[in-house]
Amino acid sequence: LRPRLLVGARDLKLNTNMASPAGEHFIGCGGIIRDEHGNVLVCWAIRIAGCFNVDVGELIAIREGLRLPFS
């Protein structure tokens, strides 16, 4: 299943978040991309192995959100 972004959409908004369960060796990242009218174009959630601090985890979530439309 590949997400499709609307052709001609002027403004897209990416919201991301991450969670790092205490004592675990993974983080959960997720996000949503909306168009200028607030319609959901794509949403996602992934699990990434490794130990990361909060700042790095948030950057990973943003990176994955930006990569999604091009995958």
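**Exercise 1. Which backbone nitrogen does the side chain of Asp 35 reach?**

Before we start: this is a predicted model, where local features need pLDDT of at least 70 and side-chain atom pairs count only at pLDDT 80 or more, while totals for chains, interfaces and linings use all residues. Residues are numbered from 1 along each chain as its sequence is written, and side-chain values use heavy atoms, with hydrogens and water left out.

*Solution.*
- Step 1: find Asp 35 in the loop between strand 2 and strand 3. Strands (E, at least two residues) and helices (H or I, at least four) are DSSP runs, numbered from the N terminus.
- Step 2: follow the side chain of Asp 35 to the backbone nitrogen of His 37, at 2.8 Å.
- Step 3: look for an opposite charge, counting Lys and Arg as positive and Asp and Glu as negative, with His and the chain ends not counted. The nearest such side chain is Arg 34, 7.7 Å away, and Asp 35 is buried with no salt bridge.

**Exercise 2. Find the salt bridges in the whole structure and say how they are linked.**

*Solution.*
- Step 1: apply the cut-off, a side-chain nitrogen of Lys or Arg within 4 Å of a carboxyl oxygen of Asp or Glu. The search turns up two salt bridges.
- Step 2: Glu 64 pairs with Arg 63, their closest N and O atoms being 2.7 Å apart.
- Step 3: Arg 67 pairs with Glu 64 too, at 3.5 Å. These two sit three residues apart in helix 1 (residues 54-67), so about one helical turn separates them.
- Step 4: put the pairs together, and Arg 63, Glu 64 and Arg 67 join into one network through shared partners.
- Step 5: check burial (buried is under 20% relative accessible area, exposed over 50%, partly exposed in between; 1.4 Å probe, protein chains only). Glu 64 is buried at 17%, while Arg 63 is partly exposed at 41% and Arg 67 is partly exposed at 47%.

**Exercise 3. Work out which elements supply the largest nonpolar core.**

*Solution.*
- Step 1: look for buried Ala, Val, Leu, Ile, Met, Phe, Trp, Tyr and Cys residues joined through side-chain atoms within 4.5 Å.
- Step 2: the largest such core has eleven residues, including Met 18, Trp 44, Ile 60 and Leu 68.
- Step 3: strand 2 (26-34), strand 3 (40-49) and helix 1 each give at least two residues. Strand 3 provides the largest share, four residues.

Technical notes: A polar contact is a pair of N or O atoms within 3.5 Å; within protein, one must be able to donate a hydrogen and the other to accept it, and residues adjacent in sequence count only if both atoms are side-chain atoms.
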